[in-house]
Amino acid sequence: MLKYKEHFKIMGSDRNSYSKTDIEATFMRMKDDHMKNGQLKPAYNVQIAVENYFIINTYISNDRTDYNTLIPILKNTRHH
C-alpha cells in the first residue's frame with residue numbers, strides 16, 4: 001500500500017502515468033515505426049509560437065493533449 005501511495009504522490013492529481021526514468025514525463029502514443037507498431041513512450045508536449053519565421057515563445061508540458069496547452073502558450077506569448 002505504501003508503494004502505491006508513493007506512486008500516486010509522484011504522479012499528482014492531473015496525470016495517470018509517469019516514467020520511472022524521467023518522473024516528469026508522461027507516456028504518450030508515438031507515431032508508428034517502420035514495423036507499424038504504435039508505442040507508448042515517455043515524452044513531453046512541446047508548443048512553439050512563430051511570427052515572421054522567428055520563434056517568439058515556447059511551452060513544454062507533460063500533458064498529452066494539445067487542448068490544455070493552447071491557452072497557456074497564447075497567454076504567455078501575449079505578455080512578451
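Strands, labelled E, are DSSP runs of at least two residues, and helices, labelled H or I, are DSSP runs of at least four; both are numbered from the N terminus. With that in hand, Ile-55 can be placed in strand E4. The model shown in these views is a predicted one.

**Overview: two helices and four strands make up the protein.** Reading along the sequence, you will meet them in the pattern α-β-β-β-β-α. The protein has a radius of gyration of 16 Å, well over the 12 Å that the globule rule gives for 80 residues, so it is more spread out than a compact globule. Taken along the principal axes, the C-alpha atoms fill a box of roughly 50 × 35 × 20 Å. Buried residues account for 20% of the 80 residues. The accessible surface comes to about 7,000 Å², and carbon and sulfur atoms hold 57% of that area. As for contacts between residues at least 6 apart in sequence, 16% of them join residues at least 24 apart.

**Helix H1, residues 2-11, lies largely in the open.** How many of its ten residues are buried? The number is one, and that is why the helix is described as lying largely in the open. Follow the chain just past H1 and you come to Gly-12, which takes a positive phi of about 80 degrees.

**Strand E1 has two faces, with side chains alternating between them.** Thr-26 and Met-28 point to one face and are buried. Phe-27 and Arg-29 point to the other face and are not buried. E1 runs antiparallel to strand E2 (residues 40-43), and four bridges join the two. Met-28 is a good place to look for this pairing: its bridge partner in E2 is Lys-41.

**Arg-29 belongs to strand E1, which spans residues 26-29.** Is Arg-29 buried or exposed? Its relative accessible area is 59%, and exposed means over 50%, so Arg-29 counts as exposed. Setting aside neighbours within four places in sequence, Arg-29 is in contact with Gly-38, Gln-39 and Leu-40. For a sense of distance, compare the position of Ile-10: 19 residues separate it from Arg-29 in sequence, and their C-alpha atoms are 21 Å apart in space.

**Strands E3 and E4 form a hairpin, with two residues between them.** The two strands run antiparallel and are joined by seven bridges. Beside the turn, Glu-51 stands opposite Phe-54 in E4. In the turn itself, Asn-52 has a positive phi of about 50 degrees.

**Asn-52 and Tyr-53 sit in the loop between E3 and E4.** What do the backbone angles look like here? Phi of Asn-52 is near 50 degrees, a positive value in a residue other than glycine. Tyr-53 is not a glycine either, yet its phi is positive at about 70 degrees. Turn next to the surroundings of these residues: Asn-52 is exposed, with a relative accessible area of 63%, and Tyr-53 is exposed too, with 83%.

**A nonpolar patch on the surface brings together Tyr-44, Val-46, Ile-48, Val-50, Ile-55 and Ile-60.** Together these residues have about 580 Å² of accessible area. Two or more patch residues come from each of strand E3 (45-51) and strand E4 (54-61). Which element gives the most? That is E3, with three residues. Among the E4 residues, take a moment for Ile-55: its relative accessible area is 59%, and it is exposed.

**Asn-57 is a strand E4 residue that counts as buried.** Why is it placed in that class? Buried means under 20% relative accessible area, and Asn-57 has 8%, so it falls among the buried residues. Look also for Thr-77 in this view: it is 20 residues from Asn-57 in sequence, while the two C-alpha atoms are 6.0 Å apart in space.

Conventions
Residues numbered from 1 in each chain as written. Heavy atoms only, no water. Buried < 20%, exposed > 50% of the residue type's maximum accessible area, 1.4 Å probe, protein only. Contact = heavy atoms within 4.5 Å. Pairing = 2+ DSSP bridges. Patch = residues over 30% accessible without salt bridge, like charges linked within 9 Å, V, L, I, M, F, W, Y side chains within 5 Å. Areas by Shrake-Rupley, 256 points an atom, 1.4 Å probe, with all protein chains shown as cover. Salt bridge = Lys/Arg side-chain N within 4 Å of Asp/Glu carboxyl O. Rg over C-alpha atoms; globule rule 2.2 N^0.38 Å.
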